[in-house]
Amino acid sequence: MKDLFQYTAGDSVIHKLNPLTRILLAVAVCAAAFVSDNLYYLVGLLCFDMLLGLLAGVFGKALSLLKGLLKISIFLFILQILFVRKGNRVFWIITDQGLILAAKVVLRLMIACIPLALMLAVTQISDLANALVQVAHVPYKYAFTVTTAIRFIPQFMEEMADIMEAQTARGVEFDTKNGLKKIGMMLPLCVPLLVTSVRRTDAAAAAAEARGFELRNRTSGYKKYPFHWCDLLAVLVCAALIAGAVII
Amino acid sequence: MILLENVSFGYGDDSSTVRDISFHIERGEFAAILGANGAGKTTTAKLIDGLLKPTKGRVLINGLDTAKTRVSERARHVGYLFQNPDRQICKNTVREEIAFGLTAVWQNAGEDAIARRVDEVLESFGFSGDEEPFSLSRGERQRVALASVIAIRPEIMILDEPTTGLDYRECTHIMDTIKTMNEEQKTTVVMVCHDMEVVASYATRALVMAGGHLLGDGPVKTIFRDQELLKRASLLPPQIVELALRLGPGFENADTVEEMTEAVSARAKRKGAGV
Ligand SMILES: Nc1ncnc2c1ncn2[C@@H]1O[C@H](COP(=O)(O)OP(=O)(O)OP(=O)(O)O)[C@@H](O)[C@H]1O
Ligand SMILES: [Mg+2]
C-alpha cells in the first residue's frame, strides 16, 4: 500500500508530459467516467486506465491498484444489487437494472481512482508543485502546503506501522486475526501519531524558514516546465474522452 | 535461550539485509551487537523478537519458533526497547505509560502489585510520574521508554541503542540498572550499541555485524583486540583498549578505566619494589 504513492522513475511518454498535463489527463478520465452512462464506454475507459499504466511503465502498480479496489468494489456491487428494486427480476431479489447500475457504480469507482494514483506515481510531487507555481501561477506557499501534505502520507503510514509494531512488542495484541478488535486498539495510538506529526510540522516549518522559505517566488524554480507537442496530443485525447462520454 | 539458525531476511523481495546468521545466546548473557550504520543490527534485533520473520532459517526463543508464536504473547518474557522512543510512548503521563505495558503483560497480578511496581520504577528513574512524556526532552523520553521495558522484568531484554541521547551520568545509571538485572535476575540482555566504552564496561559478549553478515562473535575482550575484524566492520575499539594495546605487556587486559588504573598501580608497585 505505501509504495503506491512512491515515485517511479522512467522516461516513458507519460514521464515526458508536463506535470500539469498528466493531472489534466487523470481528471479528464474521472470526468468522462462520471459523465458517461454507457456500460461499454466505461469498460473502455477502464482499459484506457490500464493502457495509461502500461504507457507509464507502471503496469504492475496499476494491476495491484485494481486488485485492491476489487475488494471494495465487490462489497459495493453486492450492496447495490440488493437495494435496487427496479427492473425485471433475474434471480431471487436481484433485478437486471440493479445489476447494470451496480456495474456502472463499481466501474466508475475503479476508473476514477486509478489514473490519479498512477499519475502521482510517475510524477515527483516537487515537479508538480513547481509546474503549478510557474505555469498556473499558484502562490508558492499554497503549492508547498499541498505537496508537503502529500509527501508525508507514506511516512504517516510507515509511522503507524512502526507504532503498532512497538505496541505489539509490549503485549498489545495487534497480531490478532480479529480485524474489529485491531481497529479498536488502533484508536488510542492516534495520540502518539498526531503528536509526532505536529512536532514534525513544527520542525519542517523551522527548517524551511532557516533555508529562506520567505524569499522564494515564482521565478525561484530552476527547472522549467514547457509544453511540447505530446502535451497537445494529450489534451486532444482528454477532449476526445469527454466528448465520447457525452455523445455515447 | 535465544537461538538463530542460518537466518536470512530482506525487506521487500530482492535485497537481503541479514544474511545467513547463526548464533546462540544463553540465559544470563550480556551480548552487544556492534556494527556500522545500516549493518543490519536493528533488523537482527527485530528478528530475535519475532517482529520480523526470517525468510530463511529459524529463530527459537526458549525453544519456541518465533514464526509460529505471537509477538504479543512473548511480551511477557521479552522486553524490546525501540531505537525511536516515540514509537513506544502512547500515554499522557509517565505513570500511565509505565503501567500500560505492565497491565498488558501482568494479567494475573493485582492492581496493587502493578501500582507498587510502577512506583518502584518511577523512583529508580527519578520521575515523579505526572510528567507528560511528549513534552519531555528526547533523552528523557528515551528513559521513559526504557523504564517501561524494565518495569515488566522480562527474562530477555532487547535494547536498541539504549544510551543514545543520554548524558554520561544518566547513561551510567541506566546501564547499572540493566547490569543489576542481568546479574541478580539472570536477565538475558541483547543490546545494540554504538558506544564502545559502554560495551567494554558492561557487555560480556560481542556480535560484530557488517553488511548483513555476522563477522565475529566472542568475548568482548577478544573482539576488541582483533584489529583486523574491527577494521572490516568499520569499528574502532574504545580508546582505553587502544592505549592498552600500545602500552604492551602487562596492560593487555585493561578494557576499562578501572582495569587500567589497576594495571598502572600494579606496575608502579612492582617498580617501587625494585622489580
Ligand atoms: N523498513 C525498512 N524497509 C526497507 N529497508 C529497510 C527497512 N529498515 C531498514 N532497512 C534497510 O536495511 C538495512 C539495515 O538496516 P538496520 O536498521 O538493521 O541497520 P542498523 O544496523 O540498525 O543501523 P543504525 O546503526 O543506523 O541503526 C539498511 O540498509 C536499511 O536501508
Ligand atoms: Mg538501528
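Okay, one definition before anything else: when I say two strands pair, I mean DSSP finds at least two bridges between them. Also, keep in mind that this is a predicted model.

So, chain B. In general, strands of a sheet pair through backbone hydrogen bonds, either parallel or antiparallel. Here we've got an open sheet of four strands, running β2-β1-β4-β5 in chain B, and the pairing is antiparallel. On the edges sit β2, residues 18-25, and β5, residues 64-65, both in chain B, and each of them pairs on one side only.

Let's zoom in on one pair. Strand β1 of chain B, residues 2-9, goes with β2(B) in the antiparallel sense, over five bridges. If you want a spot to click on, take Val7(B): its bridge partner in β2(B) is Ile21(B). Then there's helix α1 of chain B, residues 41-49, packing on that sheet. Helix α1(B) touches β1, β2 and β4 (56-61) of chain B, and its direction makes about 55 degrees with that of β2(B).

Now, cysteines. How many disulfides does the structure hold over all chains? Zero. Take Cys47(A): the closest cysteine sulfur is in Cys30(A), and that's 16 Å away, so it's too far for a bond. For reference, the cut-off for a disulfide is sulfur atoms within 2.5 Å. Cys238(A) is in no disulfide either, and its nearest cysteine sulfur, again that of Cys30(A), is 11 Å away.

And are these two buried or exposed? Cys47(A) is partly exposed, at 49% relative accessible area, while Cys238(A) is buried, at 5%.

Definitions and conventions: Residues numbered from 1 in each chain as written. Chains lettered and ligands numbered in written order. Predicted model: local features only at pLDDT ≥ 70, side-chain atom pairs only at ≥ 80, totals over all residues. Heavy atoms only, no water. Buried < 20%, exposed > 50% of the residue type's maximum accessible area, 1.4 Å probe, protein only. Helix = DSSP H or I, 4+ residues; strand = E, 2+ residues; numbered from the N terminus. Contact = heavy atoms within 4.5 Å. Axes fitted to C-alpha atoms, helices over the stretch in contact; angles between N-to-C directions.
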